[in-house]
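Here are my notes for someone opening this model for the first time. Please keep the sequence and the 3D view side by side while reading.

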Amino acid sequence: MQRYLYITIICLTFFNCKNEKKTNEKLNVVTTTTMITDLIKNIGGEHINLQGLMGSGVDPHLYKASEGDVTKLANADIIFYNGLHLEGKLVEVFEKMKNKKTIAISDVLDKNTLIGSEYFASNYDPHIWFNVDYWIKATEYVTEILVDAIPDKKAVFESNRANYIKNLGALKASVHSIIKASLPKEKRILVTAHDAFNYFGRSFGFEVVGLQGLSTATEAGVQDVQKLSAFIIEKNVKAIFVESSVPKRTIEALQAAVNSKGHDVTIGGSLYSDALGNAGTKEGTYIGMFEYNVNTIVNALK
């Protein structure tokens with residue numbers, strides 16, 4: 001009951017605010033996750049008013065809109081979100097916003113190519129940004145949306161798209177090169193706090209195991225810890241990883257369980273999974289985040 005009351009209040013707020021006058025003539029664009037915010041910034045640049053709801057270290061699986069977020073959403077001309085139930089507590093809000101242009105960037109992807117899951121609400125792994133080819137398709141998609149919204153900026157947006165896609169292609173080639181040169185196949189086992197890296201694993205040849213499921217709303221139990229600790233010992237895994245948007249206590253419990261059985265496993269570092277790093281830093285960009293993660297993984301496992 002409380003959840004539906006929350007949704008109703010937000011939707012009433014949208015209805016009451018939808019005719020509020022904009023402060024200037026630029027398109028008001030609102031995004032959910034930091035990855036999407038960075039993507040839209042690279043294409044729209046100074047020609048849009050861009051506001052992201054989530055910041056560094058924020059877990060989108062558990063995120064709830066604040067009163068300030070409701071105002072941002074109400075005044076938006078376009079809202080870009082991930083979809084695939086990543087923003088679990090905002091999904092029904094978006095679905096009820098008939099007067100708004102809400103764009104799920106995952107809609108551009110062929111669902112037959114996505115990683116399925118019988119345990120997750122959408123039946124698909126929502127962590128699509130860890131497949132660079134998917135991110136290129138998302139770049140093409142959002143560019144089309146922005147060009148349609150601001151036709152006179154078509155040349156600028158399409159130029160930005162070409163530059164960004166070139167950079168994404170270079171990122172993908174660099175990651176393949178680093179992994180191939182530094183990490184033998186038998187050492188490509190990535191153990192993290194939750195199952196955020198399956199697309200990364202499929203793209204770059206890693207076996208990926210998460211202590212929690214696809215959503216951080218699922219708590220890891222004692223049996224999960226014991227099962228994964230046995231796997232780590234069997235595979236002789238030397239390092240496991242915490243995530244910036246997930247409490248580290250579960251991985252610390254896993255480390256303790258492994259060490260108690262006489263196998264030495266270290267915490268290899270903190271990876272960016274569901275959010276980028278701090279704004280203004282290299283890790284605060286999608287490309288910088290990806291490079292940081294790869295270097296952290298390779299250095300700990302090689």
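1. Start with Y199. In this predicted model, Y199 is buried, because its relative accessible area is 0% and the cut-off for buried is under 20%. Y199 belongs to helix α7, which covers residues 198–204. Its contacts, leaving aside neighbours within four places in sequence, are L114, I115, D125, H127, I128, F130, N131 and Y134. Take N131 from that list. N131 and Y199 are 68 residues apart in sequence. In space, their C-alpha atoms are 5.4 Å apart.

2. Next, the closed space. What lines the largest cavity? The residues are F130, F197, F200, F290, N293 and V294. F130 is also among the contacts of Y199. By class, the lining has 5 nonpolar residues, 1 polar residue and no charged ones. Helix α10 (residues 286–301) gives the most to this lining, with 3 residues. The space inside comes to about 30 Å³. The count of cavities of 30 Å³ or more is 1. As background, rolling a probe the size of a water molecule over the atoms shows where empty space is left.

3. Now turn to helix α2, residues 34–44. Is α2 enclosed or open? Of its 11 residues, 9 are buried, so α2 is largely enclosed by the rest of the structure. The buried ones are T34, M35, I36, T37, D38, L39, I40, I43 and G44. They pack against strands β1, β2 and β3. They also pack against helices α5 (132–149), α6 (154–182) and α10. Just after α2 comes G45, with a positive phi near 55 degrees.

4. Follow α2 onto the sheet. The helix lies across β1 (27–31), β2 and β3. Relative to β2, α2 runs at about 170 degrees. These three strands belong to an open sheet of 4 strands, in the order β2-β1-β3-β4. Pairing in this sheet is parallel. Which strands form its edges? They are β2 (48–52) and β4 (101–104), each of which pairs on one side only. From one strand to the next, the twist averages 20 degrees.

5. One pairing in that sheet deserves a look. Strand β3 (residues 78–81) and β4 run parallel and are joined by 4 bridges. Within this pair, I79 stands opposite T102 of β4. In general, strands of a sheet pair through backbone hydrogen bonds, either parallel or antiparallel.

6. Go on to the loop between β3 and α4 (91–96). L84 lies in this loop, and so does H85. Most residues other than glycine have a negative phi. L84 has a positive phi of about 60 degrees, although it is not a glycine. H85 is also not a glycine, and its phi is positive at about 65 degrees. Are the two buried or exposed? L84 counts as buried, because its relative accessibility is 10% and buried means under 20%. H85 is partly exposed, with a relative accessible area of 35%.

7. Look also at strand β5 (residues 189–194). This strand is mostly covered, with 6 of its 6 residues buried. How many bridges join β5 to β6 (residues 207–212)? There are 5, and the two strands run parallel. L190 stands opposite V208 in β6.

8. Then the open space. The second largest pocket has a volume of about 300 Å³. Of its 17 lining residues, the closest to the pocket centre are T37, K41, A279, G280 and G284. Helix α2 supplies the largest share of the lining, 5 residues. T37 is one of the buried residues of α2. By class, the lining has 12 polar, 3 nonpolar and 2 charged residues.

9. Last, the whole chain. The protein has 10 helices and 8 strands. Of its 302 residues, 49% are buried. Take the contacts with a separation of 6 or more: residues 24 or more positions apart account for 69% of them. Y199 and N131, 68 residues apart in sequence, make a contact of this kind.

Technical notes
Residues numbered from 1 in each chain as written. Predicted model: local features only at pLDDT ≥ 70, side-chain atom pairs only at ≥ 80, totals over all residues. Heavy atoms only, no water. Buried < 20%, exposed > 50% of the residue type's maximum accessible area, 1.4 Å probe, protein only. Contact = heavy atoms within 4.5 Å. 1 Å grid on protein atoms, 1.4 Å probe; cavity = no way out; pocket = protein on both sides within 12 Å on 5 of 7 lines; lining within 4 Å. Points joined across faces, edges and corners; volume = space filled by probe spheres on them. Nonpolar A, V, L, I, M, F, W, Y, C, P; charged D, E, K, R; others polar. Pairing = 2+ DSSP bridges. Axes fitted to C-alpha atoms, helices over the stretch in contact; angles between N-to-C directions.
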